[in-house]
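Trainee: I am new to this structure and would love a close look at a single part of it. Could you take me through one helix and its surroundings?

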Amino acid sequence: PADAPRRLAAAYGMPEEPGLETAFDFVRLSPGSFQVGPFEVTAAPVNHPVETYGFRVSHGGRSVAYSADTGESAELVKLASGADVFLCEASFVEGPDLPTDLHLTGRQAAEHAAAAGAGTLVLTHLVPWNTTERVLDDASGGGFPGRIELARSGAHYDLEV
């Protein structure tokens, strides 16, 4: 996204100059598809206070979609359409006065997965002050008929081509 080098430097308490560009080659991201080795990667803007993109990685008719931080987003449903695995953030739990266009609840993540016709929903970006039971309970109310699980270290998803 635009201004990524400056924002990353600020996040790590580093000076803007000489900047992270001395160690990394930053390429401005824009909506659309591009190739990375054998994979087709599609980037699409999602609803968040700062420029943020969701991604879809496809190869051989299989795909994984990733929401990134987002509020409710029709673009995210398109991005995840028919994905074998949809890795979707669910930082919020249902409650009054949730900010819009910041994060999804488990229910909203499941609604997006259902609308997209995704195969498996993996909830991620889980915060420690919400219980995993509550996040899964919220997700169960989203009308998604497929498997729902929480992201976990070392998880393996077989997407044989």
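Trainee: Which residue forms a salt bridge with Arg107, and how far apart are the closest N and O atoms?

Mentor: Happy to help! Please keep in mind that this is a predicted model. The partner you are looking for is Glu111, and the closest N and O atoms of the pair are 2.7 Å apart. Both residues sit in helix α3, and because they are four residues apart there, about one helical turn separates them. A general point helps here: an α-helix has 3.6 residues a turn, so residues three or four places apart point the same way. Glu111 has a relative accessible area of 30%, so this residue counts as partly exposed. Arg107 is partly exposed too, with a relative accessible area of 24%.

Arg107 has another partner to meet. Its side chain also forms a salt bridge with the side chain of Glu94, at 3.1 Å from N to O. Glu94 lies in the loop between β5 (85-89) and α3 (106-116), while Arg107 is in helix α3, so this pair ties together parts that are 13 residues apart in sequence. Glu94 is partly exposed, with a relative accessible area of 27%. Through the partners they share, Glu94, Arg107 and Glu111 are joined by salt bridges into one network.

Now turn to the buried residues of α3. They are Gly106, Gln108, Ala109, Ala110, His112, Ala113 and Ala116. Among the elements that cover them are α2, β5, β6 and α4. As a general rule, nonpolar side chains in soluble globular proteins tend to be buried together. In this model, the largest nonpolar core has 23 residues, and the members touching the most others are Leu76, Phe86, Cys88, Leu121 and Leu123. Two or more residues of this core come from each of α2, β5, α3, β6 (120-124) and α4 (132-140). Helix α3 gives the most, with four residues.

Leu76 is a good residue to follow from here. Setting aside neighbours within four places in sequence, Leu76 is in contact with Val46, Ser67, Thr70, Phe86, Cys88, Leu104 and His112. You have already met His112 as one of the buried residues of α3. Phe86 and Cys88 also appear beside Leu76 among the core members that touch the most others.

Where α3 stops, look for Gly117: this residue follows the helix and has a positive phi, near 70°.

To set the helix in its wider surroundings, a UniProt record (an unreviewed entry) places the feature "domain: Metallo-beta-lactamase" at residues 32-125. Over that stretch the chain is 18% helix and 36% strand, and the end C-alpha atoms are 24 Å apart. The structure holds nine salt bridges. One of them pairs Lys78 with Glu75, with the closest N and O atoms 3.4 Å apart. These two residues are both in helix α2 (residues 74-79), three residues apart, which is about one turn of the helix. Lys78 is exposed, at 57% relative accessibility, whereas Glu75 is partly exposed, at 30%.

Definitions and conventions
Residues are numbered from 1 along each chain as its sequence is written. This is a predicted model: local features need pLDDT of at least 70, side-chain atom pairs count only at pLDDT 80 or more; totals for chains, interfaces and linings use all residues. Side-chain values use heavy atoms; hydrogens and water are left out. A salt bridge is a side-chain nitrogen of Lys or Arg within 4 Å of a carboxyl oxygen of Asp or Glu. Buried means under 20% relative accessible area, exposed over 50%, partly exposed in between (1.4 Å probe, protein chains only). UniProt positions are given in the numbering used here, feature names are shortened, and annotations may be inferred rather than shown by experiment. A nonpolar core is a set of buried Ala, Val, Leu, Ile, Met, Phe, Trp, Tyr and Cys residues joined through side-chain atoms within 4.5 Å. Contact means heavy atoms within 4.5 Å.
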